[in-house]
Structure formats: C-alpha cells, structure tokens
Amino acid sequence: MKDLLLIALFAALGAGAAGLVGWPAVRQLRRRSVALSLFAVVVVTVLAMTAGTLAVAQAMFLSQHDLGVVITVTCMAAVVSLLTAALLGRQVVAGSRALTLAARTVGSDSGFAAPDGPLGAELAELSAELAATSARLAESRQREQALESSRRELVAWISHDLRTPLAGLRAMAESLEDGVAEDPARYHARIRTEVDRLTGMVDDLFELSRIQAGALTLSLARVSVYDLVGDAIAGAYPLARERGVQLRGEPVEPAPVQVDGREITRVLGNLLINAIRSTPADGVVAVAARREADEVVLSVTDGCGGIPDGDLERVFETGWRGGTARTPRVVRDQARAGAVQHHGDTGAGLGLAIVRGIVEAHAGRASVRNVAGGCCFEIALPAAPVPAG
C-alpha cells in the first residue's frame, strides 16, 4: 500500500508540474481558434501524462532497457494523441467555417443554406437554429411587405375618399356663397350628410389605429348573445328598411359570452351594414348564433352573390375593397343606380379590418365563406365560463 501511495505521489507531482507549466498557455489561447485551444489542451494532457510516467519510472529505479521501453511507449502514445487532436481540430474548424459562410445567408431571399458536410452535435444544433431564425425572418419580411402594401393601398383609398366629399362640400359651399343654390335647405342637408360621412371615416381610422397599436381597452362583462344580436338588428333596421332589405333573425341561442358589449355590437353593426349594402332590394340578411364546444359563433349571411375564392383571404385586410367584377350583374345594375354596393366597396375599406381587430382582441376569430346566393361572415368568441357554485 505504501508503494502505491508513493507512486501516486510521484505521478501527481510530475503531472502537476506539467499542468502548471501548460495552464498559462491554455489561458492565453482561450480567445484564439477552437482548434488551437483544443490542441493546447491535448498537449498539456500529454505532457502531464508523460511527466507523471517518467517520474514514477525514475522512482522505481528501472533498468535502462525498461526505462527506454516506457519512454518509447509514452512518446508513441503522445504522438498519436497529438495527431488525433490536430485532425479533430481541423474538422471542428472546417465545420465552423462552413457554418460561418452559411450564416451569411440568414435572412436572404433564397433562405438559409445549411452546410453540406457533417457537423458536430453542437454545430448541427446551431445550424438548425439558424435555419429556424432565417424562416422567421422571411415570414416577418413577408408580413412587413404585406403591411406596407396594405398601408399604401389604404392611403390611396383614403385620399380618394376624402377628395370626393371635400370637392362636393366645396362646390356646395361656393353655390351657397354665390346665391345660385335653388334649394339651400337641401344643400345644407347634403353638407351635413357629407360631414357625417367624413366623421365616420375619421372615427374608423382612429379605431383602427388603436387596434393596430394594441391600445384597444376592453371592458369585459358577461353578456347574452341574444341581447347583442337584438341590439345590432335594431341599429341596422333603418338602413335595411331604406334599401328594401329584409332582416331575419335565425335561431339565436342565448349563450353567454365574456366580451365588451359595446365593441361586439359595433362588430355586428359593421357586418350588418356591409351585408345590407351588398344585398339587392327584396333580398334577405340573416343573423344567427350557435354554441360550438367552447365557442359561440355569430353569423351574418347576405345575398351579395358571393366573393371569388381568391379574394376570400383578403376580405379582412386593411384598405381592401372588392371591385365590380366581384358583384353579380343584378347587384351591379342597382349599384349604378346608387342602390347597393358590394362588400368592401363602402367607406375606405376599414370596416371589416376593424371587425377582425376587435374579434381577435377578444381572443376570437373572424372568417368568411361563400354560400348559396351570397356569403356568410362568422365571428367565433370564447364562451363565458360557467359560474362557480
């Protein structure tokens, strides 16, 4: 036992001396190449092993022949270890350089191009993260481009819609000033109508800006869907009567929802006004509500004639408005006579964008699909939790 302790002591002294000599070199190289640092660690390890072996061999008073054998074996092991470390270091550096070149493609139009050669586990994991980051950047860029396109389209529509009533207001004001208006009262009523239209447009812009900025404050309360639908129908009834459109309440389940009643009433009002304006005279606009699992789905169905499938995904975009190509002939004929407009042609294309923003602020979702003779807009809201007790 005593001999083993002495051997361990001599080995520790030899290896410790080599470690103390090599440690400063390892610290100096920690900011250099990974391959160089790895090679330095192996060199220190080999020196420590060699020094410990030689110290023990000397303490054991081996013969010259036996000592030579020990030294030869130790040196051969050291050479093989250093060569292995050098090859491994080169492999690590090659993988690191390949990944560095590949990292330059992150966020490019072509996407991240992963290195072709095999990588270590850590570098492979880093490559996967770079690929995921590149994909997120591409999605973010696409969203930014879509938002920028939508913003430019919105500005164009707003400019057009502001220019038209302002020009009319100017013309009517000049007619009144010059005293050439045959019926001043009619002009005054028309001016008030145009001012109300501009006020509504400004209110929509303000509401949409609050939604997009995340500044929409909701006052949630437990409300029956039956009451929400009733309030929305009552508010839209005058417009429906004026346009000769029949409002019909389909089966409405009195399911409770936890919502801001004022905002959801505005959502239903926007959908109903859009539906009424999109439906020809003597047409029907139906409102329904049903419970589905943990959601309450409210729907508004009109007789607009349908929307092309390629445009369904764009209906809720800010500033998007359908064209006459999306309107059936009978509706277009009435639109030329000032009787009806198709979905998205009213206002500045903000109503449906506001609908989606408010619904999503309630953790719900808005959707649209074509049905026979028209389309059906649906909003799904989380059902109110069942009261305890």
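Colleague: Is C376 buried or exposed?

Modeller: We're looking at a predicted model, in which local features need pLDDT of at least 70, side-chain atom pairs count only at pLDDT 80 or more, and totals for chains, interfaces and linings use all residues. Residues are numbered from 1 along each chain as its sequence is written, and side-chain values use heavy atoms, with hydrogens and water left out. "Buried" means under 20% relative accessible area, "exposed" over 50% and "partly exposed" in between, with a 1.4 Å probe and protein chains only. C376 comes out at 4% relative accessibility, so it counts as buried.

Colleague: And how many disulfides are there?

Modeller: To count, a pair of cysteine sulfur atoms has to lie within 2.5 Å. The sulfur of C376 has its closest cysteine sulfur in C375, and 8.0 Å is too far for a bond. The sulfur of C304 also has its closest cysteine sulfur in C375, but 3.3 Å is still too far. By this rule the number of disulfides is zero.

Colleague: Which residue stands opposite C376?

Modeller: Helices (H or I, at least four residues) and strands (E, at least two) are DSSP runs numbered from the N terminus, and two strands pair if DSSP finds at least two bridges between them. Strand 6 (residues 365-371) and strand 7 (residues 374-382) run antiparallel and are joined by seven bridges. C376 sits in strand 7, and the residue opposite is R369.

Colleague: Which residue in the hairpin of strand 6 and strand 7 takes a positive phi?

Modeller: The hairpin has two residues between its strands. The one with a phi near 85 degrees is G373.

Colleague: Where do D282 and A363 lie, and which of them has a phi near 65 degrees?

Modeller: Most residues other than glycine have a negative phi. D282, in the loop between helix 7 (261-278) and strand 4 (284-292), has a positive phi near 70 degrees, and is exposed at 72% relative accessible area. In the loop between helix 10 and strand 6 there is another exposed residue, with a relative accessible area of 63%. The phi near 65 degrees belongs to that residue, A363.

Colleague: Which residues form the aromatic pair?

Modeller: Rings of Phe, Tyr and Trp (its six-membered ring) pair if their centres lie within 6.5 Å; planes under 30 degrees apart are stacked, over 60 edge-to-face and the rest tilted. Searching the whole structure gives one pair, and it is edge-to-face, 6.0 Å centre to centre with 80 degrees between the planes. It links distant parts of the chain, the loop between helix 8 (309-312) and helix 9 (329-336) and strand 7, 61 residues apart. Both partners are buried, and they are F316 and F377.

Colleague: Which helix gives the largest share of the lining of the second largest pocket?

Modeller: On a 1 Å grid over the protein atoms alone, a pocket is an open set of points where a 1.4 Å probe fits, with protein on both sides within 12 Å along at least five of seven lines, and lining residues have an atom within 4 Å of a point. This pocket has a volume of about 480 Å³. Its lining has 17 residues, with L147, S150, Q212, T318 and R356 closest to the centre. Six residues of the lining come from helix 4.

Technical notes: Points joined across faces, edges and corners; volume = space filled by probe spheres on them.
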